[in-house]
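These notebook entries record what I looked up, beginning with charged pairs and ending with the contact between chains.

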Amino acid sequence: MTLDLPTKRQEAWKWSDMAALEAAAQSERAAPDVAPADLFLDIDGPRLAFVDGVFDPTHSRPGPVNVTAIGESSGHPLGKLAAGEGWLVRLEKGAAVTSIQIVHIGTGADNHVPARIELAEDATASLVETYAGTGWANRLTQISLARGARLMRSVRLLQKSGFVSIRDEADVGEAASLVSVFLGAGGMGSRIDGEIRTSGIGAYAEMGGALLTEGDQRQEAAVVVDHAMPEGSSRQIWRAVAADTSTASLAARVEVKRHAQQTDGEQSLRGLLLDRTAQVNLKPELEIFADDVKCAHGATVGELDQRALFYLESRGLTPARARALMTRAFVADALDRIGEEAVREAFAADASRWLEVAL
Amino acid sequence: MLKIEKLHAAIDGKEILKGLDLEVKAGEVHAIMGPNGAGKSTLGYVLGGRPEYEVTGGSATFRGEDLLDMEAHERAAAGLFLGFQYPVEIPGISNVQFLREALNSQRKARGEAPLSGAEFLKLARAQADALGMDQEMLKRPVNVGFSGGEKKRNEMVQMGILDPKFAILDETDSGLDIDALKAVGEGINRIMRKPDKGVLLITHYQRLLDYVEPDVVHVLADGRIVKSGGPELAVELEREGYGTVAA
Ligand SMILES: Nc1ncnc2c1ncn2[C@@H]1O[C@H](COP(=O)(O)OP(=O)(O)O)[C@@H](O)[C@H]1O
Ligand SMILES: [Mg+2]
C-alpha cells in the first residue's frame, strides 16, 4: 500500500517517527512469537484477541462486546485508516461490565482496527488493552459517555518492535468520567494521540501515562482536552523516561472555551533522562477563553538525583537497583491512576521489567 | 578496625583532606570535632564511597580490606554505615520498601538468607519503637516532610535495622531537641557499643558526648587531624573554641 502520512513539517507531528511506522508497515508477516494466553491478565471479564487485526474467536469470549463493522470514521490522518471490522461495546443505562480485556498481537506488516465504546447514562465499564508482537498496529477508538457514565481504560504497549499508533476520540457528557492510562514499555515506536471533548456540565476527563524508551526508539503522546462546558475537570499526568539515544515526547493541550467557567485543569509533564544522549521533548499548552478557571501546569526534565542515589547505595542497594527504584517511583504517579489493583500491579510489573533490562 | 593513613581527597579539583591519619579499634568510639568547613563531612563521604569525591592519596582499610577499592553498596555490605548530616528526601519510595531491600541486598552480598516481609516488619517496628519514631513513619516516603529531628531519628532507626559493624555519624546530634538527643544517644549506645563494633562521631558540640562517651577525641582542621586526646579534650574545645586548642 502507499501511505499518505503526516510529515515533520506539520507542527503536531514534528516529533513523530513516521519512518519507523513505514518500516513496520513494510515488514513481512511471520509466525507469532507470543500467544493470547500469555497476555490476558488473570481477572474475570470478557476477552477478545486480535491477531494481525483479525478477530481470533478461539482465544476470545467476547460476552457483551460485539465484533462488527464500525461505520463511523475520523478525519485524523492515521485514525481514518482504521475502518472495517472492529469491536463495539454498547452498554444500556446503568449497566456495568468490568475488565474487558483486548489483546492485539501483530506478526508483521500493517493492521487496522476501529472500535467504539458507547456508555448510556450511569453505565460503567473498565477495559484493558495489550499490544504485543511486531508490525504496525493502527487503532481508532471512539468513545461516548452519556450522563454519569464511567469508563476506566488502561492500555499497555508491549510490542517487541514495529509501531503502534493509537487515536482516541472521546466525548464526555454531563458528570461522566473518562480515565485513560497508557504505558509504553515495549521496543516499538509509538504515537498515542487523543482528543477529548467535555460536552456536559461537570465532566471529568483524564488521559495520561508513562512512556519508557531505550536504544534509538521514539515514542510520543499528543493529547488535546477540550473543555466546552462549565465545571469540568481534566488531568493529564504524563511521565517520560528515556535511555541511550532514544526520544520520548509529550505534547498536551488544554482548551477552555468561553462558556466553560469553573474548569479545573491539571497538566503535569515530566521527563527523566537516564543517559545524557537521550532526549525528552515536552510541550504543555493552555488555551483559555473563560475567566473563572483553575489550570495548573508543570513541565520539567531532569536526571536522577545523585544525592538520592548515593543515599540508597550507602545503605546497600546496588547502583542498578537504586536507579530502578528511583525510576519506578518517578513513573508511579502516572500509573497509580489505574483504579483496579490487579491491573495497576500488572502495569507496574511491566514497567519494572523494562527497568531491569534498560538499567 | 578502621585505619586511615595519609588520606588525601578532593572535590571538583579542590583538595579538602590533606593527609589525614586515624585509627579506630574494635570496641572504641571516637569523636571528631572541628570548625565548619574543616572537611568532616568530606571524610564521611569519602569513607562512604560517594563517587563525586576523588581520593588523591593515602589509604583506608576496614576490617583488613581496602575500603577505597569498594563501591558504596559493597562498603555497606561489609558493615559500614554512614549517618548523613543532611538525610536525603526520596519521594515515591517508602521507608519500609527501601530498608527491606537495603537489608536483603546486604544479606545477599554476605551470603545470608533474605528476611520475609513479616520478619522485616517486626524488626523495623521494634527499632522504630526503641527510638521513639511513630510506626506510621515507616510507611511514609523516605524522609519526605520529616522535620530535622525526625530525619535524624530515622537515620538511627535505619542503623538499628541494618546493624552495622562500624558507624560514621555526621552531626547526628544537630537539630535535635533534648528528648530526641537523649533517644539518639541511647540508640547509638544500644546498637553500637559492642566489643566488635566501632563508631566515628562527627559533632560540633559536647552535648551528645554526655550520652555517648568517646574513648578518643580528635580535632580536624584544614583537612588533617591536628590534635587528639581523651574525653576532656571535648570539654576543653567547648570552653575555649577551636582557635586556641587546635593552634
Ligand atoms: N561540591 C563541592 N565543591 C567544592 N567544594 C566543596 C564541595 N563540597 C564541600 N566543599 C568544600 O569542602 C570543604 C569541607 O566541607 P565539609 O567536609 O562539608 O566540612 P565540614 O563538614 O567540616 O563542615 C568546605 O570548604 C566546602 O566548601
Ligand atoms: Mg559537615
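How many salt bridges does the structure hold over all chains? I note at the outset that the model is a predicted one. My count over all chains is 43 salt bridges.

**Entry 1: R167(A) and D193(A).** I looked up the pair R167(A) and D193(A), which form a salt bridge with their closest N and O atoms 2.7 Å apart. The pair joins distant parts of the chain, with R167(A) in strand β8 (residues 163–172) of chain A and D193(A) in strand β10 (residues 189–198) of chain A, 26 residues apart. Are the partners buried or exposed? R167(A) has 8% relative accessibility and so counts as buried, because the limit for that class is under 20%. D193(A) is also buried, at a relative accessible area of 4%.

**Entry 2: R253(A) and E285(A).** I then turned to the salt bridge of R253(A) with E285(A), where the closest N and O atoms are 3.3 Å apart. R253(A) belongs to strand β14 (residues 247–256) of chain A and E285(A) to strand β16 (residues 279–288) of chain A, so this pair ties together parts 32 residues apart in sequence. For R253(A) I recorded a relative accessible area of 19%, which makes the residue buried, since buried means under 20%. E285(A), at 27% relative accessibility, counts as partly exposed.

Which residues are linked with these two in a network of salt bridges? I listed R197(A), D226(A), R253(A), E255(A), K257(A), E285(A) and E287(A) as its members.

**Entry 3: the annotated span of chain A.** I consulted UniProt, where an unreviewed entry places the feature "domain: SUF system FeS cluster assembly SufBD core" at residues 117–330 of chain A. In the model, this span is 61% strand and 10% helix, and its end C-alpha atoms lie 31 Å apart.

**Entry 4: R193(B) and D215(B).** In chain B, I looked up the salt bridge between R193(B) and D215(B), with the closest N and O atoms 3.4 Å apart. R193(B) lies in the loop between α7 (178–192) and β10 (198–202) of chain B, and D215(B) in the loop between β10 and β11 (216–221) of chain B, so the pair ties together parts that are 22 residues apart in sequence. Both partners are partly exposed: R193(B) has a relative accessible area of 34%, and D215(B) one of 37%.

**Entry 5: the interface.** I next asked how many residues of each chain are in contact. The result was 32 residues of chain B against 19 residues of chain A. Between them the chains bury about 2,000 Å², of which 65% is on carbon and sulfur atoms. On the chain B side, H73(B), V88(B) and E101(B) lose the most area to chain A, together 26% of what that side buries.

I found two salt bridges between chain B and chain A. E155(B) forms a salt bridge with R315(A), with the closest N and O atoms at 2.7 Å. Nine residue pairs are in polar contact across the interface, both residues of each being at pLDDT 80 or more.

Which elements give two or more residues to the side of chain B that touches chain A? I noted α1 (40–48), α2 (72–77), β6 (80–83), β7 (90–94), α3 (95–109) and α6 (148–162) of chain B. The largest share, six residues, comes from α3(B). By class, I recorded 17 nonpolar, 10 polar and five charged residues on this side of chain B.

How values were computed. Residues are numbered from 1 along each chain as its sequence is written. Chains are lettered from A and ligands numbered from 1 in the order in which they are written. This is a predicted model: local features need pLDDT of at least 70, side-chain atom pairs count only at pLDDT 80 or more; totals for chains, interfaces and linings use all residues. Side-chain values use heavy atoms; hydrogens and water are left out. Contact means heavy atoms within 4.5 Å. Buried area is the accessible area (1.4 Å probe) that two parts lose on being put together, summed over both. A salt bridge is a side-chain nitrogen of Lys or Arg within 4 Å of a carboxyl oxygen of Asp or Glu. A polar contact is a pair of N or O atoms within 3.5 Å; within protein, one must be able to donate a hydrogen and the other to accept it, and residues adjacent in sequence count only if both atoms are side-chain atoms. Helices (H or I, at least four residues) and strands (E, at least two) are DSSP runs, numbered from the N terminus. Ala, Val, Leu, Ile, Met, Phe, Trp, Tyr, Cys and Pro count as nonpolar, Asp, Glu, Lys and Arg as charged, and the others, Gly among them, as polar. UniProt positions are given in the numbering used here, feature names are shortened, and annotations may be inferred rather than shown by experiment. Buried means under 20% relative accessible area, exposed over 50%, partly exposed in between (1.4 Å probe, protein chains only).
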